[in-house]
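Visitor: I am just starting out with protein structures, and I would like to take a close look at one small part of this one. Could you pick a single spot, tell me about it, and then show me how the rest is laid out around it?

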Amino acid sequence: HGAMYRPFSTMLFTPIMSSPLMTREKRGSDKRRVIVDLSYPPGLSVNDGIPRDSYLGHQYKLCLPGPLDMRDAIRAAGPGCFMWSRDLRRGYRQLRACPLDYPLLGIRWRGLWYMDLAVCFGIRVGAKCMQNTTSAVCTILQHEGHFALNYIDDIAGCHTSQEGSLAAYKRCGHLLQELGLVEATDKQAAPSKNLIWLGVEFDSQTMQMKVPQSK
């Protein structure tokens, strides 16, 4: 995917920093997610050098939408409205790291060096970078008259009619392609009166929020 530089036997940079790795199972998949512990060692880690409340010199507080925001949108659209969602594949890994940061993103494995070229799980600004990206997608959709909410790499919306919801759903898919963002097609949820988003089941016919049966 072009997210990591190939193995090399000697360090490309001096100094180069490497951080501990781990993997964990992805829910509902046989694949594993690689997580880099950029908070190690305490006091001298990569994350220790990243401000908690500013990004590129601008102050920010990361505020993510939640199930209650989707609830409010459904209540505004009314009973029987149609909901949809789309999800990015390998969301963080689609975003590229700044080349000036490459010396901080080294990985050592079985005597060889690798270098991360993408935003990795474990970096302090990862969620902010991904949220900025999908917020841009939603802003474009909203300027075109479509309602959409984004949570990191998940995008969802609703509309009073099936036609309106389908138009937003399709436009979101086309927009992701236009912007070069790769979608997880197996996680698409076409317009329906029932949607599971952020671990909550929304039913616009009964106007209820539920815990999904699988949970």
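Guide: Let us begin with Ser 19, which has a relative accessible area of 8% and therefore counts as buried, since the cut-off for buried is under 20%. Please keep in mind that this is a predicted model. Ser 19 sits in the loop between strand β1 (residues 4-8) and strand β2, and β2 itself covers residues 21-25. What does Ser 19 touch, leaving aside its neighbours within four places in sequence? Its contacts are Val 36, Asp 37, Leu 38, Tyr 40, Val 46 and Gly 106.

Now let us step back for a moment and see the whole. The protein has three helices and 14 strands. Of its 215 residues, 42% are buried, and Ser 19 is one of the buried residues. Along its principal axes, the C-alpha trace spans about 60 × 40 × 30 Å. If you take the contacts with a separation of 6 or more, 66% of them are between residues 24 or more positions apart.

With that overview in hand, we can follow β2 to the largest pocket. Which strands each supply at least two residues of its lining? They are β2, β3 (32-36), β6, β10 and β12. The largest share comes from β3, which gives five residues. Val 36, a contact of Ser 19, falls within the range of β3. The space in the largest pocket comes to about 1,800 Å³. Its lining is made of 48 residues, and the ones nearest the centre are Arg 27, Arg 33, Asp 87, Asp 153 and Lys 187. Sorted by class, the lining holds 21 nonpolar, nine polar and 18 charged residues.

Asp 87 is a handy signpost from here, as Ala 184 touches Asp 87 along with Leu 88 and Arg 89, not counting residues up to four places away in sequence. You will find Ala 184 in the loop between helix α3 (162-178) and strand β11 (189-192). Is Ala 184 buried or exposed? With a relative accessible area of 2%, Ala 184 is buried. Thr 185 lies in that loop between α3 and β11 too, yet Thr 185 is exposed, at a relative accessible area of 52%. Two distances help to place this loop. The C-alpha atoms of Thr 185 and Leu 88 are 8.3 Å apart, although their positions lie 97 residues apart along the chain. For Ala 184 and Tyr 60, which are 124 residues apart along the chain, the C-alpha separation is 29 Å.

Next, have a look at helix α1, residues 67-77, whose buried residues are Met 70, Ala 73 and Ile 74. Why do these residues lie on the same side of α1? They do so because they cover an arc of only 100° around the axis. On the other side of α1, Arg 75 and Ala 76 are exposed. The buried residues of α1 pack against β6 (82-87), β9 (149-151), β10 (154-159), β12 (194-197) and β13 (200-203). Some of these partners are already familiar to you: β6, β10 and β12 are among the strands that help to line the largest pocket. Just after α1, Gly 78 takes a positive phi of about 100°.

One of those packing partners, β9, contains Asn 150. At 8% relative accessibility, Asn 150 counts as buried. The side chain of Asn 150 makes a polar contact of 2.9 Å with the side chain of Thr 134, and another, of 3.1 Å, with the side chain of Ser 135. Leaving aside neighbours within four places in sequence, the contacts of Asn 150 also include Pro 65, Gln 131, Cys 138 and Ile 155.

Finally, there is a second largest pocket to visit, with a volume of about 450 Å³. It is lined by 18 residues, and Ile 50, Tyr 55, Asp 101, Ile 123 and Val 125 lie nearest its centre. Its lining divides into 13 nonpolar, three polar and two charged residues.

Definitions and conventions: Residues are numbered from 1 along each chain as its sequence is written. This is a predicted model: local features need pLDDT of at least 70, side-chain atom pairs count only at pLDDT 80 or more; totals for chains, interfaces and linings use all residues. Side-chain values use heavy atoms; hydrogens and water are left out. Buried means under 20% relative accessible area, exposed over 50%, partly exposed in between (1.4 Å probe, protein chains only). Helices (H or I, at least four residues) and strands (E, at least two) are DSSP runs, numbered from the N terminus. The arc is that of the directions from the helix axis to the C-beta atoms. Contact means heavy atoms within 4.5 Å. On a 1 Å grid over the protein atoms alone, a cavity is a set of points where a 1.4 Å probe fits but cannot get out, and a pocket is an open set with protein on both sides within 12 Å along at least five of seven lines; lining residues have an atom within 4 Å of a point. Grid points are joined across faces, edges and corners, and a volume is the space filled by probe spheres set on the points. Ala, Val, Leu, Ile, Met, Phe, Trp, Tyr, Cys and Pro count as nonpolar, Asp, Glu, Lys and Arg as charged, and the others, Gly among them, as polar. A polar contact is a pair of N or O atoms within 3.5 Å; within protein, one must be able to donate a hydrogen and the other to accept it, and residues adjacent in sequence count only if both atoms are side-chain atoms.
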